[in-house]
Amino acid sequence: MDAATIKALYDRAVENQKRAYAPYSNFHVGAALMAEDGSIYDGANMENASFGATTCAERVALGTALFAGHRNFVALAVVGDHEETFPCGICRQALSEFTDGSMLVITAPDRVHRLDELLPFIFRLEHGAEE
Ligand code: THU
């Protein structure tokens, strides 16, 4: 993926961070998820007074993209209030269903990881993205 595309996806996650609903943690996260056709889906964390009902930014974006019919994703950018924010374990597993592991996880324009580096030995059943 070229540097301009990586930067554009990162910038979109920065924009999406502004839409977080995070009154409990006050930690705002934005995500931008790119499908294999280049379309981009947005997310931000959505918290709840029942903390376990909170949804991370990554899974907000993933759900919207899946609903649109996509099943394979090439890159995710994630931005939080830390200098570098990584997807949590649940989000790594959720995303892993829809990539062969090569999905890029962009945490800064110059910091690009692969999902299977962040989550080796992915748990799978039969379904998910084609490999
Ligand atoms: N959060 C995300 O949105 N994505 C992550 O990968 C890590 C955590 C959110 C959940 C909660 O609203 C806040 O950050 C603090 O955990």
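**View 1. Two cysteine sulfurs that stay unbonded.** In this predicted model, the sulfur of C91 has its closest cysteine sulfur in C88, 3.8 Å away, which is too far for a bond. A disulfide is a covalent bond between the sulfur atoms of two cysteines. The cut-off for calling a pair of cysteine sulfur atoms a disulfide is within 2.5 Å, and the structure holds zero disulfides. Looking from the other partner, C88 is in no disulfide, and its nearest cysteine sulfur is that of C91.

**View 2. C88 and C91, buried or exposed?** C91 is buried, with a relative accessible area of 0%. C88 counts as partly exposed because its relative accessibility is 30%. C88 is also one of the residues that surround the ligand, so keep it in sight for the next view.

**View 3. The shell around the ligand.** Here you can find S25, F27, V29, N45, E47, T54, C56, A57, E58, F86, P87 and C88 around the ligand. By residue class, this shell divides into seven nonpolar, three polar and two charged residues. The space that the ligand takes is the largest pocket.

**View 4. Polar atoms facing ligand oxygens.** Which residues place a polar side-chain atom by an oxygen atom of the ligand? E58 does, at 2.7 Å, and N45 does too, at 2.9 Å. A57 takes part through its backbone: a polar atom there is 2.9 Å from an oxygen atom of the ligand. As for cover, the ligand on its own has 380 Å² of accessible area, and the protein covers 78% of it.

Notes:
Residues are numbered from 1 along each chain as its sequence is written. This is a predicted model: local features need pLDDT of at least 70, side-chain atom pairs count only at pLDDT 80 or more; totals for chains, interfaces and linings use all residues. Side-chain values use heavy atoms; hydrogens and water are left out. A residue is near a molecule or strand if one of its heavy atoms lies within 4 Å of it. A polar contact is a pair of N or O atoms within 3.5 Å; within protein, one must be able to donate a hydrogen and the other to accept it, and residues adjacent in sequence count only if both atoms are side-chain atoms. Accessible areas come from the Shrake-Rupley method with a 1.4 Å probe; for residues, only the protein chains shown count as cover. On a 1 Å grid over the protein atoms alone, a cavity is a set of points where a 1.4 Å probe fits but cannot get out, and a pocket is an open set with protein on both sides within 12 Å along at least five of seven lines; lining residues have an atom within 4 Å of a point. A molecule sits in a cavity or pocket if more than half of its atoms lie within 2 Å of its grid points. Ala, Val, Leu, Ile, Met, Phe, Trp, Tyr, Cys and Pro count as nonpolar, Asp, Glu, Lys and Arg as charged, and the others, Gly among them, as polar. Buried means under 20% relative accessible area, exposed over 50%, partly exposed in between (1.4 Å probe, protein chains only).
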